[in-house]
Amino acid sequence: MKKEKEVVEKKSFEISNEQLDNLGITNRDSLSSASKRALKWPNIGNEWFIEFSALKPLKGDLAYEEGVVRRDPSALIFENGKYYVWYSKSLGESQGFGGDIENDKVFPWDRCDIWYATSVDGWTWKEEGPAIVRGVNGEFDDRSVFTVEIMKYENMYYLCYQTVQSPYTVRVKNQVGLAWSDSPDGPWTKSKQPILSPADNGIWKGLDQNRFSVEKKGDFDSHKVHDPCIIPYNGKFYLYYKGEQMGEEITFGGRQIRHGLAIAENPQGPYIKSPYNPISNSGHEICVWEYKDGIASLITTDGPEKNTIQWANDGINFEIMAVIKGAPHAIGLNRNVDNGKNPTEVLRWGLSHVYNNSDYQSIMRFSSQLKTVHTAKGEKAK
Ligand code: AAL
């Protein structure tokens with residue numbers, strides 16, 4: 001029986017001499033599990049392989065400021081001779097969930113409004129003021145508005161963002177809101193209703209505020225719909241988001257964090273969740289861009305496929321194009337580049353955030369480079 005299995009396994013590997021040499025395999029008849037996996041790797045070259053440099057501080061109003069949280073920058077758009085960025089802003093430290101949640105600030109992204117800033121060179125920023133503020137008591141966005149993305153489409157500007165209604169308990173389900181304007185400086189009109197909500201097919205166990213205790217977990221996004229980002233694509237509007245599931249567990253790759261997609265015919269919706277969800281079983285903050293008739297996605301932080309760059313020729317079925325060393329969190333892409341130049345041009349520089357400590361985060365600048373050769377000091381690449 002064991003022999004038969006070995007014969008079948010060997011036959012399923014058609015190994016060329018070139019493959020054998022490239023992978024440095026000692027003996028084609030004694031393949032380790034690692035070699036068998038390597039033989040299945042796609043032959044996609046290294047044009048998606050990049051390395052990120054250390055984050056650099058910004059100047060002007062977006063430089064680190066004591067007592068202020070600025071985090072989760074949007075993509076950058078270039079309008080009126082300057083870059084624009086939107087971000088979550090709150091004041092003061094967080095108390096967490098142990099105390100009086102009606103009055104405390106539970107997370108750094110709790111009790112936020114969305115502010116924006118502009119810059120001519122992308123280094124020195126002027127904070128312009130609030131763009132979207134929390135709703136009045138009783139509205140779905142009365143507690144916090146945060147983690148925003150920008151989309152420009154036919155001379156209209158759209159901000160999509162996370163919202164939470166008070167009280168901000170550990171079991172609270174958040175929503176995604178949308179606002180639009182004919183100018184990046186506003187004023188913004190907010191949608192009356194959320195454009196995206198968590199799936200409602202999970203069941204909590206008991207009444208205690210415990211997010212790990214469930215009768216049924218439900219869909220990948222039964223608890224949270226986070227990090228929304230809308231891209232005009234194929235004549236429609238593709239809203240990518242991060243889902244968190246009720247009863248989240250730790251897997252062999254870390255937290256159970258997945259990405260989903262909802263599609264609309266019009267920028268204001270309705271956004272219908274894709275039947276193919278989840279479209280990634282790893283990742284954290286959404287970082288997506290259009291490349292060659294498809295959508296590329298940087299997958300960071302969580303899950304077995306973290307630290308990969310993926311691409312889907314239909315925006316849905318993503319394949320790994322590169323496995324990288326690591327990546328900044330919460331990337332705000334610089335969308336003002338020629339995407340056709342190379343697949344990762346959009347990642348050459350942009351904004352991200354850094355945890356100065358668990359209470360305070362500030363916005364920083366990232367950069368990345370293509371890497372095609374590894375040389376020692378003084379050594380010439382061929
Ligand atoms: C981030 C994002 C979302 C979460 C919080 C703020 O990493 O995934 O924005 O809500 O943390």
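**Loops, buried strand residues and a ligand shell**

Leaving aside neighbours within four places in sequence, Asn313 is in contact with Tyr233, Asp293 and Gly294, contact here meaning heavy atoms within 4.5 Å. This is a predicted model, so to speak of local features a pLDDT of at least 70 is needed, and side-chain atom pairs count only at pLDDT 80 or more, while totals for chains, interfaces and linings use all residues. Residues are numbered from 1 along each chain as its sequence is written, and side-chain values use heavy atoms, with hydrogens and water left out.

Asn313 itself sits in the loop between β23 (308-312) and β24 (319-323); helices (H or I, at least four residues) and strands (E, at least two) are DSSP runs, numbered from the N terminus. Asn313 counts as exposed because its relative accessibility is 53%. The labels work like this: buried is under 20% relative accessible area, exposed is over 50%, and partly exposed is what falls in between, with a 1.4 Å probe and protein chains only. In space, the C-alpha of Asn313 is 7.9 Å from that of Lys292, with the two positions 21 residues apart in sequence numbering. Lys292 belongs to another loop, the one between β21 (288-291) and β22 (294-299), and counts as exposed because its relative accessibility reaches 59%.

Lys292 also has an unusual backbone angle for the record: its phi is positive, about 45°, although the residue is not a glycine. Asn307, in the loop between β22 and β23, likewise has a positive phi, near 60°, without being a glycine. Most residues other than glycine have a negative phi, and most peptide bonds are trans. On the peptide-bond side, Ser166 and Pro167 are joined by a cis bond with omega about 0°, and Pro167 lies in the loop between β10 (156-164) and β11 (175-181). A cis bond also runs from Gly269 to Pro270, with omega near 5°; Pro270 is in the loop between β19 (257-264) and β20 (272-273).

How confident is the predictor overall? The protein chain averages a pLDDT of 95, and 97% of the residues score at least 70, pLDDT being the predictor's confidence in each residue, from 0 to 100. Confidence bottoms out in helix α1 (residues 2-11), with a mean of 52, and peaks in strand β7 (residues 113-119), at 99. Where pLDDT is low, the predicted coordinates should not be read in detail.

Now for the ligand. Its shell is made up of Arg71, Asp72, Trp109, Phe146, Thr147, Gln162, His226, Asp227, Lys242, His284 and Glu285, a residue being included if one of its heavy atoms lies within 4 Å of the molecule. By type, the shell splits into two nonpolar, four polar and five charged residues. For that tally, Ala, Val, Leu, Ile, Met, Phe, Trp, Tyr, Cys and Pro count as nonpolar, Asp, Glu, Lys and Arg as charged, and the others, Gly among them, as polar. Thr147 places a polar side-chain atom 2.6 Å from an oxygen atom of the ligand. For Gln162, the corresponding distance from a polar side-chain atom to a ligand oxygen is 2.9 Å, and an N or O atom in the His284 side chain is 3.1 Å from a ligand oxygen. Taken alone, the ligand exposes 270 Å², of which the protein buries 94%; such accessible areas come from the Shrake-Rupley method with a 1.4 Å probe, and for residues only the protein chains shown count as cover. Two or more shell residues come from each of β9 (144-153) and β15 (224-233).

Strand β15 also holds Cys229, which counts as buried because its relative accessibility is just 1%. Cys229 and Leu239 are ten residues apart in sequence, yet 5.5 Å apart from C-alpha to C-alpha. Beyond its neighbours within four places in sequence, Cys229 is in contact with Glu149, Cys160, Tyr238, Leu239, Tyr240, Ile286, Val288 and Arg335.

Glu127, in strand β8 (residues 124-132), counts as buried because its relative accessibility is 16%. Its side chain makes polar contacts with the side chains of Tyr87, at 2.4 Å, and Lys89, at 2.9 Å. A polar contact is a pair of N or O atoms within 3.5 Å; within protein, one must be able to donate a hydrogen and the other to accept it, and residues adjacent in sequence count only if both atoms are side-chain atoms.
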